[in-house]
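Colleague: Please take a close look at the sheet and at what packs on it. I would like one connected account, strand by strand, with the neighbouring helices and cysteines included.

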Amino acid sequence: MHKTPVLTSQLLNEKAGCNLFFKCENFQKMGAFKMRGAANAILSLSEEEKQRGVVTHSSGNFAQAVSLAAQKLGVKAYIVMPENAPQVKKNAVKTYEGEIIECESTPQAREATANKIKEEKRASFFHPSNQDEVIYGNSTAAIELLEEQPNLDIILAPIGGGGLIAGTALATHYFSKKCKVIGAEPKAVDDAYRSLISGKIETNTTFATIADGLRTHLGDRNFPIIQKHVEKIICVEEDEIINAMQLIWERMKIIVEPSSAVAFAAVLKNKEEFATKNVGIIVSGGNVDVKNLPF
């Protein structure tokens, strides 16, 4: 892992009315926090399990993370990807020596194909967000942030599948005495927001958000952690996400993907709640198509 930097911006502090500390996982290996969970999951295996290889289904960052972590640790990685996954993502997996198995572009097909490989190869299956070892690995980003900034009042993280926010919440619970955790989610895919209200895992019927990394729903391993340790979830509109993303690009001079801008957008939307506080933001990744920017 890289110990990623924590960056600040006086201008963004003034805009938000609080002291912001950005934990920049866009500088992590393969460009996203998911490398932490993937590496920890593989490191948790026995030597015998490592020899049989690992399998996951993903069309994006987790596919790359598992492939790279497996390559670094000398483990075979089988990556189930939908046939319509972007070629650039397939190429990245191949670069990291992951073996791609294509399937139909449905959740059922992805799971069935991964289960088949798991049985045939006796490989260990990794879920991108709903697995303890992955969640624990993800938690290390917030642990590093709290080690560097122990006086944080609040940490915000975006919510998609729930693996990052669950890890962040656990880290904050065990490594800070006073810090709270707040989630941020696009209004267009507000399943986690609704899940906290209803007390059960809700799903989305539409996936129309620019934050493509946040279109997945919670799982039975991370949802109880979120219920117990996440204070609340703030939903933001698409134009608020784009505005926050553009501000980070222009003012901090760093590349972040739309999903990464959701937490900052939540701060800008609810300035009164964060006024004068020390606020940490987990910048989840920077894997964005620079030829297709929203601004």
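Modeller: The model is a predicted one. A good place to enter the sheet is a single pair of residues: Leu7 has Phe22 of β2 standing opposite. That pair belongs to the contact between strand β1, residues 6-7, and β2, where two bridges join the strands in the antiparallel sense.

The sheet as a whole is open and has six strands, in the order β1-β2-β10-β7-β8-β9, and its pairing is mixed. Its edge strands are β1 and β9 (232-236), each of which pairs on one side only. Helix α7 packs on this sheet and touches β1, β2, β7 and β10. The direction of α7 makes about 135 degrees with that of β2.

Strand β2 spans residues 19-24, and five of its six residues are buried, so that the strand is mostly covered. Besides the antiparallel link to β1, β2 pairs with β10 (residues 278-283) in the parallel sense, over six bridges. Within that pairing, Lys23 has Ile282 of β10 as its bridge partner. In general, strands of a sheet pair through backbone hydrogen bonds, either parallel or antiparallel.

Further along the order come β7 and β8. Strand β7, residues 154-158, runs parallel to β8, and five bridges join the two. One of the matched positions is Pro158, whose bridge partner in β8 is Ala184. Strand β8 covers residues 180-186 and is mostly covered itself, with six of its seven residues buried. Helix α9 (residues 191-198) lies across β8 and β9, and runs at about 145 degrees to β9.

Now to the cysteines. A search of the whole structure finds zero disulfides. Cys18 takes part in none, and the nearest cysteine sulfur, that of Cys179, is 13 Å away. For Cys24 the nearest cysteine sulfur is that of Cys18, at 15 Å, and Cys24 is likewise in no disulfide. A pair of sulfur atoms would have to lie within 2.5 Å to be counted. As for their surroundings, Cys18 has a relative accessible area of 3% and is therefore buried, while Cys24, at 0% relative accessibility, also counts as buried.

Next, the helix that packs against β2. Helix α2 runs over residues 34-43 and is mostly covered, eight of its 10 residues being buried. Those buried residues are Lys34, Met35, Arg36, Gly37, Ala38, Ala39, Ala41 and Ile42. They pack against β2, and also against α3 (47-52), β3 (54-57), α4 (61-73) and α7 (132-148).

The contact of α2 with α7 can be described in some detail. The axes of these two helices come within 7 Å and cross at roughly 130 degrees. That angle makes α2 oblique to α7, and the crossing of the pair is right-handed. On the α2 side, the residues that meet α7 are Arg36, Gly37, Asn40 and Ala41. On the α7 side, they are Glu133, Val134, Tyr136, Gly137, Asn138, Thr140, Ala141 and Glu144. Helix α7 thus has contacts both with α2 and with strands of the sheet.

Helix α4, another of the elements that the buried residues of α2 pack against, contains Gln64. At 9% relative accessibility, Gln64 falls under the 20% limit and so counts as buried. Leaving aside neighbours within four places in sequence, Gln64 is in contact with Met30, Lys89, Ala92, Val93 and Tyr96.

Two loop residues complete the account. Thr276 is placed in the loop between α13 (271-274) and β10. Phi of Thr276 is near 65 degrees, a positive value in a residue other than glycine. Thr276 counts as exposed, because its relative accessibility is 69% and the cut-off for exposed is over 50%. Lys253 is placed in the loop between α11 (238-252) and α12 (258-269). Phi of Lys253 is also positive, near 60 degrees, and this residue too is not a glycine. With 67% relative accessibility, Lys253 counts as exposed.

Methods:
Residues numbered from 1 in each chain as written. Predicted model: local features only at pLDDT ≥ 70, side-chain atom pairs only at ≥ 80, totals over all residues. Heavy atoms only, no water. Buried < 20%, exposed > 50% of the residue type's maximum accessible area, 1.4 Å probe, protein only. Helix = DSSP H or I, 4+ residues; strand = E, 2+ residues; numbered from the N terminus. Pairing = 2+ DSSP bridges. Contact = heavy atoms within 4.5 Å. Axes fitted to C-alpha atoms, helices over the stretch in contact; angles between N-to-C directions. Parallel < 35°, antiparallel > 145°, perpendicular 65-115°, else oblique. Left-handed = near helix turned anticlockwise from the far one by under 90°.
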